[in-house]
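Visitor: Before we look, could you take me through the reasoning behind the terms you use?

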Amino acid sequence: MGGRRPFIAGNWKMFKTAHEAARTAKELADRVSDVTGLDIMIAPNFTALVSVYDAIRESAVELGGQNLFWEPEGAYTGETSPGMLRNAGCRYVIIGHSERRQYFGETDEAVNKKIKAALEYRLAPILCVGETETERDTKKTFSVLDKQIQNGLKDLRSDDLTSLVLAYEPVWAIGTGKTASREQAQEVHLFLRALMEKKFGNELANSLRIQYGGSVKPNNIKALMSMPDVDGALVGGASLDAETFSQIIHFQ
């Protein structure tokens, strides 16, 4: 991993009430209290952020948002600003998740605005990129990822991106039970690191953490994390249960 600190994150999506989320978060924090040498984050739904922050504030578990809007405030019904996330206790925010792109029409241009807004408010953005099954079958994986990176990080410099995390999430592996092999994950992560080096230089590329996401489970995390360019995981369904997620976090 080139000295990069592992980063395991859980995306809870549209699950759990505030009470349920806080209870799970507290159980998780207790189960991983012995963990050192890696970063842990959970991203509950917006209504649970404050309750979850109260449950984990004294622990090693950090809080993240699942999305944000790029304006600081205004008449944008249903949206959440970066300042609101900061005020709720968030350190991270997930941006450009495939479900946002697929179901809500989120474009690379919108992702770019959100990345800039997150950085302005000192939120570490987790930029999600990934290809569909059709795109993989037609050998378009690298061209799709290149476009998502080029457009998503447009007009940004390496100095802007020291807190950036990339998450490679093959759309065909999210919630399907399919998982990219560790060799497939490594191939794409290596491509992404090389792409970032070409665009932003060697220093950022070497320090950049690239997570894998897509049906990560306790029985495959160790193999994935053994790859030199896999620096962590963005976990969906398996992060909803504190015991299961703690097993993933305890992969070492």
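Guide: In this predicted model, let us start with a bridge, in which Leu166 has Ile210 of strand S7 as its partner.

Visitor: What makes strand S6 and S7 a pair?

Guide: Two strands pair if there are at least two bridges between them; S6 (residues 165–168) and S7 are joined over four bridges, in the parallel sense, and therefore they count as paired.

Visitor: How do you know that strand S8 pairs with S7?

Guide: Two bridges join S7 to S8 (residues 232–235), and at least two are required, so the pairing holds; the strands run parallel, and Gln211 stands opposite Gly232 in S8.

Visitor: Why are both faces of S7 called covered?

Guide: Buried means under 20% relative accessible area, and this applies to Arg209 and Gln211 on one side of S7 as well as to Ile210 and Tyr212 on the other, so both faces are covered.

Visitor: What makes the span of helix H5 close to the expected one?

Guide: The expected span is 1.5 Å times one less than the number of residues; H5 (residues 108–120) has 13 residues and reaches 18 Å from its first C-alpha to its last, against an expected 18 Å, so the two values agree closely. Just after H5, Arg122 takes a positive phi of about 60 degrees.

Visitor: Which elements cover the buried residues of H5?

Guide: The buried residues of H5 include Val111, Ile115 and Leu119, and the cover includes helix H3, strand S4, helix H4, strand S5 and helix H7.

Note on methods. Residues are numbered from 1 along each chain as its sequence is written. This is a predicted model: local features need pLDDT of at least 70, side-chain atom pairs count only at pLDDT 80 or more; totals for chains, interfaces and linings use all residues. Side-chain values use heavy atoms; hydrogens and water are left out. Buried means under 20% relative accessible area, exposed over 50%, partly exposed in between (1.4 Å probe, protein chains only). Contact means heavy atoms within 4.5 Å.
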